[in-house]
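Me: I have a model open and would like to learn how its features get their names. Could you take me through it with questions and answers?

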Amino acid sequence: MSATLSRRSFIAAWTGTLAAFAAACQSQAVPVPAAPTSGVAAKPPAATSAPAQAATAAPAPGATPAVAATSAPAAVATSAPAATAAPAVVAAGGLPTVARNETLIMTVSDTFTQFQDAPLANPFLRAIQRNGWHFMFEPLFFWNPYWTREVKWPAGVPGNEARIPWLAESAAYNADSSQLTVKLRSGITWSDGQPFTARDIVFTLNMLKDNSPDLLFAFDMKTWVKDVTAADDLTARITLNTPNPQFLGRYFSWFQDNGFPIVPEHIYKGQDQKTFANLDIEKGWPVATGPWKLVSATADQKIFDRRDDWWGAKTGFRSLPKMKRVIVLPRMEDAKKVQVMINNDVDTTHDLFPANIPALLDRTDKAIFWVDGNKQPYGSVSPSTIMIGFNNAKPPYDDPDIRRAINHALDRKQVSDVVYKGSGQVSELPFALLPNVIPFADACADLLKKYPVDAPDLNKTAEIMQSKGWQKDSEGFWAKDSQRFPMVVLLSPGFFQDIGPIFVTQWRKAGFDASFKSPTDFNTLTQQGNVDVFIRFDTALFQDPWVSLDQYHSRNFAPTGQDAIQPYRWKNTEFDTLVDKLSQLQNNDPVFMTTFQQAMEIWLRELPALPTVKWYLRVPFNLTYWQGWPNEKNPYVCGGGWHRGAAGLILHNVTPV
Amino acid sequence: MRATVSLAHSAEHVRRREPSGLGALVGYCRRNPQLLAGIVIVGALLLVGPVGSHLIDVRHAQPLSEVPSQPPSLATPFGTDDQGRDLLAVMVAGLPLTLTVGFLAGAIGLCIGTFLGLTSGFVGGVFDAIIRMAVDTLLTVPALLVLIIIAASIKGVISVTIMGLVIASLAWMNPTRTIRAQVLTLRERGYIDLARLSGMSTLKVIVSEMLPNLLPYLAAGFVGAVSSAVLASIGLEALGLGPQNDPTVGMTIYWALLFNALLRGMWWWWLPPILVVVILFLGLLLLSAGLDEIANPRHRRRV
């Protein structure tokens, strides 16, 4: 009997191994319906043929691993149970057929294989992800971090400078930047026909203030907004608690992931704001101003059909987008992203690891990246930076000398060579080097000589550690009182598996007993302070470094166990004062520059976080069905399909091939 | 007369063909080639770690040891991966780790299974009914799914030991069933009744009378538990839920998948772990088939 059981498991093992091998050899079928005829979008067919492409960090397995344990049946993927909840998530009566060359398909968003927020469409809930609301809603303004005076906007895009007025016509501050007046365009309507007015702005801001800190952006609105009124249907007046010339840019000028939308008062009023899902296909929710309506929302895909009664086409603002349907798929593993691009099953994906890009370019000539000619580094400099963050409230990370010792153990050039094959660049400052920020970076040159950041030196590490009482134990790791130096590095899931292990190896060589982990609850752990060291993307930069430095303001602090707005938990009152001063100045004021340098001196001396390498957005676009994607020659946006500052404009600009 | 003579002759014949100790083992292996092959293969794999670590530097199994993404060469016979690990060192360092997880989980599963199987089979009654129901229920649970959920919920970093414990939590059911079934059979044997009648305590009966007769089944159960545990660990690791900081066989597969080694033609990265797993399972199967013969003499192919 035991031999029979073993044979069974042996056969299972063989079958599993061979199936894994065979499936990995084939190109994967993408779970996209060519012509959805029934009301229900396709169930996950990839489950049986994608054993190894499962989520790395999702606790509920999305794909079926072909390897079977003992006699257990393989786990079967199921749609999120909420997809069958009472609000209709799919249009009744089925969806009309749309040809592939009239559909734009993207695989973006935040979780692998399945959306975690299938029944949600409220942009202010913490659980919401970036899978379509971000182009259904439209902003007051768009902003392009890559704009320079030499760049001409493509025909049809309004505006002649970096800020593109969209729902708004103009905005102006008063003399001391304590009041912002926004003038809206006339003729804007919501998707249910109701007019979009300044009262929606008043409602949205007040709703956020009332629900701080439970909704996204609520804490910010409570901090800055004193009062908001509608002078008339098309004019809103926002009065701030303290002057802040960055207010418009940070919240109402969409670029990359920054900014939030205005939501309709007549839909949101009377709902429980902290839990309102805002999704009901039958009722036409979410109601938004953009030319899209959500017709299907399941855990596997979201389908948006073009709404030909869009206000922009009616008023002559802009013609309708050229595609009739947009399908958003959940994120895929890199291997699968490459395959679906080769098969032309999707038109754009999330950015790729640099190592996989030559494999893609070898097999298709329809892929296009930002850099002309698809040369290294392939992508555009991202307004976000990769930072190694410390929990500055947790000993021994509260000691700036220890943080500096840890910094001396890093060799950023080695990381760039190994991970990015030489195409990466070392980053020494906590903000990205966008064109208009370079003068600020240049102003830090002397400070960097005094407090060098890119300074690999294992001897200095040893010197500092020993001066603090740490000794190397028998295995060569720093220890005090037979306790090793605690260093568990958390990686934002889905990212950094290429550089995280490299940093950890460098730290181990320096004597830190470091290890890494990529937990699904990364956000919760870092917000609550259950972390030593973490690697993540910083907030995207705007026109100057203020927003980057503001992350380290101590108002973002909270004791361990409570949610902090930013995970750094660093407190320095001198720094706070300087950053507060910066928030009230115009960035072309000479006092801004000197204040900035003073703040940077403190930051570089204390190093509450470590800059690493520049991040490039290596987003692939597919030229098989659509052209007019943003790139170096045509930089009308910088970003990918998951960015609110890019998706809407990309959809408006691409044309059929 | 002739019958007696032939009986005596055959007894002598048998006696002469039964040397003791190592000679018996070797002789038996000659008649049971599957067992021999299984021992050789599994033994060789077990030796890869200790012997290999003297021949090559296992510290090169960590990233940044060599030039990354290189095909096999004289300096690195198995090539290197994208993060600079020497893949031969990875095999030498990682195979013992994978085997540790397998053997740890298998051993713990077997111990729990033996204890529960013995007591529930021997004691019977309500206790037996409870154990039987628990085992049957848990066997229907999709083990990999549960393991994924457990592994994803672990705070802190998953180490090899923790992996072994996680897998052991669902590895005890089959051994329990097997051992219990055997105990139910053995319980009715004459020598057991005799032992009880002669006043031996239940515990002594179990340990000194039953356990020795169960050894073949325990060995076969151990092999089965180890193979399922290794399979489960590789499955979890390939999904990214294993000890990510250790170069186990499953983690090598994980990195190869993450960096798209198959599409990029980096066969030296994904092929060796697969071959190692296949060889390991071949060895375990042969071992198990060989042990099956010991347990069931009726299956003996040769005399």
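**How the names are earned**

Reply: Happily! On the other side of helix α18 of chain A, away from its buried residues, A:Thr573 and A:Glu574 are exposed. Before we go on, this is a predicted model, where local features need pLDDT of at least 70, side-chain atom pairs count only at pLDDT 80 or more, and totals for chains, interfaces and linings use all residues. Residues are numbered from 1 along each chain as its sequence is written, while chains are lettered from A and ligands numbered from 1 in the order in which they are written.

Me: Which residues of α18(A) are buried, and what makes a residue buried or exposed?

Reply: A residue is buried if 20 or more other C-beta atoms lie within 10 Å of its own, exposed if 12 or fewer, and partly exposed in between, with C-beta atoms placed from the backbone. In α18(A), residues 573–583, the buried ones are A:Phe575, A:Leu578, A:Val579, A:Leu582 and A:Ser583. They share one side of α18(A), because they cover an arc of only 145° around the axis. The arc is that of the directions from the helix axis to the C-beta atoms.

Me: Why do residues three or four places apart point the same way in an α-helix?

Reply: An α-helix has 3.6 residues a turn, so residues with that spacing point the same way.

Me: Why is A:Leu458 called partly exposed?

Reply: A:Leu458 has 15 other C-beta atoms within 10 Å, so it is partly exposed. A:Leu458 belongs to helix α14 of chain A, residues 458–467. Two residues are in contact if their C-beta atoms, placed from the backbone, lie within 7 Å. Leaving aside neighbours within four places in sequence, A:Leu458 is in contact with A:Ala409 and A:Ala510. Between A:Leu458 and A:His408 there are 6.3 Å in space, C-alpha to C-alpha, though they are 50 residues apart in sequence.

Me: How do you know that the span of α19(A) agrees with what it should be?

Reply: The expected span of a helix is 1.5 Å times one less than its number of residues. For the 17 residues of α19(A) that gives 24 Å, and the end C-alpha atoms are 25 Å apart, so the two agree.

Me: Which residues of α19(A) are buried, and what do they pack against?

Reply: The buried residues are A:Thr595, A:Phe596, A:Ala599, A:Met600 and A:Trp603. An arc of only 140° around the axis holds them, which puts them on the same side of α19(A). They pack against α12, α13, α17 and α18 of chain A. On the other side, A:Pro590, A:Val591 and A:Thr594 are exposed.

Me: Moving to chain B, what makes α4(B) oblique to α11(B)?

Reply: The axes of α4(B), residues 87–123, and α11(B), residues 249–258, come within 7 Å and cross at roughly 125°. Angles under 35 degrees count as roughly parallel, over 145 as roughly antiparallel, 65 to 115 as roughly perpendicular and the rest as oblique, so the crossing angle makes α4(B) oblique to α11(B). The contact is made by B:Val90, B:Gly94, B:Leu95 and B:Thr98 of α4(B) with B:Val249, B:Gly250 and B:Thr252 of α11(B).

Me: How many helices and strands does each chain have?

Reply: Helices (H or I, at least four residues) and strands (E, at least two) are DSSP runs, numbered from the N terminus. Chain A has 20 helices and 26 strands, whereas chain B has twelve helices and zero strands.

Note on methods:
Axes fitted to C-alpha atoms, helices over the stretch in contact; angles between N-to-C directions.
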